[in-house]
Amino acid sequence: MDNIKFTPQDILHKQFKERNIGKGYDEADVDSFLDDVIKDYDTFNKEVDRLNSENERLRAKVDELNRQVEVGSSMNNGAVSQPVSNATNMDILKRLSNLERRVFGSQMGANGQENDSHLL
């Protein structure tokens with residue numbers, strides 16, 4: 001942004017020297033063109049400001065996520081991780097029990113103990 005020479009206001013208020021050199025440009029045509037340049041210039045400035053704001057917001061979000069990752073990794077390095085929830089563990093145990101019954105059901109006795117008679 002340091003290389004920008006003109007603001008929209010600079011363009012709007014620019015006064016050109018008059019000379020009597022014969023045929024010149026139509027003043028209304030030049031003014032109309034400069035009005036369009038000012039509008040475009042202003043639009044570009046607004047877009048640059050919007051993008052800078054978005055860039056700052058995204059950088060802040062990246063910093064926050066990096067902090068969360070650091071906290072999470074430091075918690076996992078020093079200690080055994082705790083179960084997420086007891087309900088989740090209970091669901092896993094129920095599923096494991098159902099799976100054992102289906103796979104080993106014919107080998108289980110009525111009291112739930114393995115029937116070792118097939119090993120003899």
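**Entry 1: Arg-50 and its partners**

I started with Arg-50, which forms a salt bridge with Glu-47. The closest N and O atoms of that pair are 2.7 Å apart. The model I am reading is predicted, not experimental. I asked why the two side chains can pair along the chain: Arg-50 and Glu-47 sit three residues apart in helix 2, so about one helical turn separates them.

I then looked up how open the two sites are. Arg-50 is partly exposed, because its relative accessible area is 43% and the partly exposed class runs between 20% and 50%. Glu-47 is partly exposed as well, with a relative accessible area of 36%.

Next I checked Glu-54. Glu-54 forms a salt bridge with Arg-50, and here the closest N and O atoms are 3.3 Å apart. Glu-54 and Arg-50 are four residues apart in helix 2, so the separation is again about one helical turn. Glu-54 has a relative accessible area of 30%, which makes it partly exposed.

**Entry 2: Arg-67 and Glu-64**

Further along helix 2 I found another pair. The side chains of Arg-67 and Glu-64 meet in a salt bridge, at 3.1 Å from N to O. Both residues lie in helix 2, three residues apart, about one turn of the helix. Arg-67 counts as partly exposed at 46% relative accessibility. Glu-64 is also partly exposed, with a relative accessible area of 32%.

Which residues do shared salt-bridge partners join into one network? I noted Glu-47, Arg-50 and Glu-54. For the whole model I wrote down a count of four salt bridges.

**Entry 3: Overall layout**

I stepped back to the fold. The protein has three helices and zero strands. From the N terminus on, the order of elements is α-α-α. Helix 2 covers residues 27-78. Helix 3 covers residues 86-104. Helix 1 covers 8-12, and a loop lies between helix 1 and helix 2.

How much of the protein counts as buried? I read 4% of the 120 residues. The exposed area is about 11,700 Å². Carbon and sulfur atoms supply 53% of that area.

**Entry 4: The annotated stretch**

I looked up the UniProt record. Its unreviewed entry places the feature "coiled-coil region" at residues 34-68. I compared that with the model. Over residues 34-68 the chain is 100% helix and 0% strand. The end C-alpha atoms of this stretch are 51 Å apart.

**Entry 5: Surface patches**

I searched the surface for like charges. A patch of negative charge gathers Glu-18, Asp-26, Glu-27, Asp-29, Asp-31, Asp-35, Asp-36 and Asp-40. I picked out Asp-40, which lies in helix 2. Is Asp-40 buried, partly exposed or exposed? At 45% relative accessibility, Asp-40 counts as partly exposed. Patch members need over 30% relative accessible area, so the 45% of Asp-40 passes that cut-off.

I then turned to nonpolar side chains. Leu-96, Leu-99, Val-103 and Phe-104 make a nonpolar surface patch of about 370 Å². Val-103 lies in helix 3. At 49% relative accessibility, Val-103 counts as partly exposed.

**Entry 6: C-alpha distances between helix 2 and earlier residues**

My last lookups were pairs apart in sequence. Lys-39 lies in helix 2. With a relative accessible area of 55%, Lys-39 is exposed, because exposed means over 50%. The C-alpha atoms of Lys-39 and Pro-8 are separated by 7.8 Å. Along the chain, Lys-39 and Pro-8 are 31 residues apart.

Where does Lys-14 lie? I found Lys-14 in the loop between helix 1 and helix 2. Lys-14 is partly exposed, with a relative accessible area of 47%. The C-alpha atoms of Lys-14 and Leu-34 are separated by 9.7 Å. The two residues are 20 residues apart along the chain.

Terms used
Residues are numbered from 1 along each chain as its sequence is written. This is a predicted model: local features need pLDDT of at least 70, side-chain atom pairs count only at pLDDT 80 or more; totals for chains, interfaces and linings use all residues. Side-chain values use heavy atoms; hydrogens and water are left out. Patches are made of residues with over 30% relative accessible area and no salt bridge: like charges are joined within 9 Å, nonpolar side chains (Val, Leu, Ile, Met, Phe, Trp, Tyr) within 5 Å. Accessible areas come from the Shrake-Rupley method with a 1.4 Å probe; for residues, only the protein chains shown count as cover. Lys and Arg count as positive and Asp and Glu as negative; His and the chain ends are not counted. The place of a charge is taken as NZ of Lys, CZ of Arg, CG of Asp or CD of Glu. Buried means under 20% relative accessible area, exposed over 50%, partly exposed in between (1.4 Å probe, protein chains only). UniProt positions are given in the numbering used here, feature names are shortened, and annotations may be inferred rather than shown by experiment.
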